[in-house]
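Welcome! Take a moment to look over the sequence and turn the structure around, and then let us walk through it together.

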Amino acid sequence: MFICICKGIKESDVRELGQAGVTCPIKLADALELNDKRQCCGRCIKKISKFVALAEEETSCRHIPMVS
Ligand code: FES
């Protein structure tokens, strides 16, 4: 599912960055090129916390202990 139309960013793109350990808002914005004022409407950089939350879901999922 696309979450950024301007850059064609999919939810899976952000999850992959989270899996790679990229959860810092500045690093996420850089990796996704959301500071590009010529090609971005600015909506996503204002809502970067949603991208961070999505990326962090991936890091937290990896640390859930298996219950047997
Ligand atoms: S929709 Fe993401 S920057 Fe415009």
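Before we start, here is one idea to carry along: a residue is called buried if 20 or more other C-beta atoms lie within 10 Å of its own, exposed if 12 or fewer, and partly exposed in between. Keep in mind, too, that this is a predicted model.

Let us try the idea on Glu33. This residue has 13 other C-beta atoms within 10 Å, so Glu33 is partly exposed. You will find Glu33 in the loop between α2 (25-31) and α3 (43-46). Its backbone deserves a look as well: Glu33 has a positive phi of about 55°, although it is not a glycine. Another positive phi, of about 90°, belongs to Gly21, and this glycine comes just after α1.

Now step back to the whole chain. How many helices and strands does the protein have? There are four helices and two strands. Reading from the N terminus, the order of these elements is β-β-α-α-α-α. The protein has 68 residues, and 16% of them count as buried. If you take the contacts between residues at least 6 apart in sequence, 57% of them join residues at least 24 apart.

Where do buried residues come together? A general tendency helps here: in soluble globular proteins, nonpolar side chains tend to be buried together. In this model, the largest nonpolar core has nine residues: Cys4, Val14, Leu17, Leu28, Leu32, Leu34, Cys44, Phe51 and Ala55. Two elements, α1 (11-19) and α4 (48-61), each give two or more residues to this core.

Let us zoom in on α1. Its buried residues include Val14, Leu17 and Gly18. These three cover an arc of only 105° around the axis, which means that they sit on the same side of α1. Gly18 is a good place to pause. With 23 other C-beta atoms within 10 Å, Gly18 is buried. Leaving aside neighbours within four places in sequence, Gly18 is in contact with Thr23, Leu54, Ala55, Glu56, Glu57, Glu58 and Thr59. One of these partners, Glu57, is 39 residues from Gly18 in sequence, yet the two are 7.5 Å apart in space, C-alpha to C-alpha.

Ala55 is worth following from the other direction. Not counting residues up to four places away in sequence, Ala55 touches Val14, Leu17, Gly18, Val22, Thr23 and Leu28. Among these are Val14, Leu17 and Gly18, the buried residues of α1 that we have just visited.

Next, move to the start of the chain. Cys6 lies in the loop between β1 (2-4) and β2 (9-10). Is Cys6 buried, exposed or partly exposed? Cys6 has 14 C-beta neighbours inside 10 Å, so it counts as partly exposed. Setting aside residues up to four places away in sequence, Cys6 touches Gln39, Cys40 and Cys41. Cys6 and Asp36 are 30 residues apart in sequence, and their C-alpha atoms are 10.0 Å apart in space.

Our last stop is Arg43, which has its place in helix α3. Arg43 has 11 other C-beta atoms within 10 Å, and therefore it is exposed. Arg43 and Cys4 are 39 residues apart in sequence, while the distance between them in space is 8.6 Å, C-alpha to C-alpha. Cys4 is one of the residues of the largest nonpolar core, so you can look back at that core from here.

Definitions and conventions. Residues are numbered from 1 along each chain as its sequence is written. This is a predicted model: local features need pLDDT of at least 70, side-chain atom pairs count only at pLDDT 80 or more; totals for chains, interfaces and linings use all residues. A nonpolar core is a set of buried Ala, Val, Leu, Ile, Met, Phe, Trp, Tyr and Cys residues joined through C-beta atoms within 7 Å. Two residues are in contact if their C-beta atoms, placed from the backbone, lie within 7 Å. The arc is that of the directions from the helix axis to the C-beta atoms.
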